[in-house]
Amino acid sequence: MTTCGRITARALATTCAGLAALGLAAPAGAAPVAAPAAAHAAAVHPDGYESSTRIQRGHCTGWVTTKKISGRWNAQGVLRSDNAHCEMYLARKHGSGSYAPVSNAYLSQAGEDQTWRTGFHRDDSGYKARVCISNLDWGDQKFYCGKGI
């Protein structure tokens with residue numbers, strides 16, 4: 001898919017999610033969207049974007065997407081860099097344990113707009129996943145993490 005195609009698809013998904021959040025109904029004859037599973041019913045969007053997980057540090061933005069694979073929920077970290085040096089990883093915890101990194105760290109380069117994605121990692125019942133980012137251009141010495149889902 002071209003960059004323009006990705007931007008168009010993202011804009012369409014964002015617009016549809018925004019309309020749904022406002023409670024606006026789809027036009028008559030539109031295909032119904034399946035309801036998400038109970039484990040993610042409050043936050044998951046039909047396209048998997050988990051808006052409550054979004055975190056931003058300057059021109060570095062991170063969030064979590066989710067996807068059901070073989071009947072189980074999985075989470076993926078996403079990093080969007082707008083011409084900045086950004087770093088990101090996906091962290092996960094189980095039960096009352098501590099968050100620990102489950103993905104590699106991803107680093108974007110200044111001078112380019114980039115989107116990086118981790119692989120999918122289990123985020124089913126009892127698990128919580130969150131994305132952690134840092135903005136190296138701001139001199140971040142630590143990672144800032146979004147809400148776990």
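Q: Rings of Phe, Tyr and Trp, taking the six-membered ring of Trp, pair if their centres lie within 6.5 Å. By this rule, how many aromatic pairs does the count come to?

A: Two aromatic pairs. Keep in mind that we're looking at a predicted model.

Q: How is a pair of aromatic rings described?

A: You need the distance of the centres and the angle of the planes. Take Tyr-89 and Phe-143: their centres are 4.8 Å apart and their planes make 75°. Planes over 60 degrees apart count as edge-to-face, and that is the label for this pair.

Q: Where in the chain do Tyr-89 and Phe-143 sit?

A: Tyr-89 belongs to strand β4, while Phe-143 is in the loop between β9 and β10. The two are 54 residues apart, so this pair links distant parts of the chain. As for exposure, Tyr-89 counts as buried because its relative accessibility is 16%. Phe-143 has a relative accessible area of 29%, so Phe-143 is partly exposed.

Q: And Tyr-106 with Trp-116: what kind of pair is that?

A: A tilted one, because the planes are at 40°, with the ring centres 6.1 Å apart. Tyr-106 comes from strand β6 (residues 106-107) and Trp-116 from strand β7 (residues 113-117), 10 residues apart. Tyr-106 is buried at 19% relative accessible area, whereas Trp-116 is partly exposed at 33%.

Q: Rings can have charges over them too. Which ring does Arg-57 lie over?

A: Arg-57 lies over the face of Tyr-144, 3.9 Å from the ring centre. There's also Arg-130, whose charged end sits over the ring of Tyr-99, 3.8 Å from its centre.

Q: On to cysteines. How many disulfides does a search of the whole structure find?

A: Two. Counting bonded cysteines along the chain, they follow the pattern 1-2, 3-4. One of the disulfides is formed by Cys-60 and Cys-86, with 2.0 Å between the sulfur atoms. It ties strand β2 (residues 60-69), home of Cys-60, to strand β4 (residues 86-94), home of Cys-86, and the partners are 26 residues apart. Both Cys-60 and Cys-86 are buried.

Q: Is the disulfide of Cys-60 and Cys-86 left-handed or right-handed?

A: Look at the torsion about the S-S bond: it is about -80°, so this disulfide is left-handed. Now compare the link of Cys-132 and Cys-145, which has 105° about the S-S bond and is right-handed. Its S to S distance is 2.1 Å. Cys-132 is in strand β9 (residues 127-135) and Cys-145 in strand β10 (residues 144-145), 13 residues apart. Cys-132 counts as buried because its relative accessibility is 0%, while Cys-145, at 27%, counts as partly exposed.

Q: Let's try a single residue. Where is the place of Arg-54, and which residues is Arg-54 in contact with, leaving aside neighbours within four places in sequence?

A: Arg-54 is in strand β1 (residues 49-57). Its contacts beyond those neighbours are Tyr-49, Thr-61, Gly-62 and Trp-63. The side chain of Arg-54 also makes a polar contact with the side chain of Gln-56, at 2.7 Å. With 44% relative accessibility, Arg-54 counts as partly exposed. Val-131 is 77 residues from Arg-54 in sequence, with 8.2 Å between their C-alpha atoms.

Q: Last one: what pLDDT does the protein average?

A: The average is 77, and 68% of the residues score at least 70. Over residues 1-44, though, the pLDDT is below 50. Beyond near neighbours in sequence, that stretch has 25 contacts in the model.

Technical notes
Residues numbered from 1 in each chain as written. Predicted model: local features only at pLDDT ≥ 70, side-chain atom pairs only at ≥ 80, totals over all residues. Heavy atoms only, no water. Buried < 20%, exposed > 50% of the residue type's maximum accessible area, 1.4 Å probe, protein only. Contact = heavy atoms within 4.5 Å. Polar contact = N/O pair within 3.5 Å; in protein donor to acceptor, adjacent residues only side chain to side chain. Disulfide = S-S within 2.5 Å. pLDDT = per-residue confidence, 0-100. Phe/Tyr/Trp six-rings, centres within 6.5 Å; stacked < 30°, edge-to-face > 60°. Lys NZ or Arg CZ within 6 Å of the ring centre and 35° of its normal.
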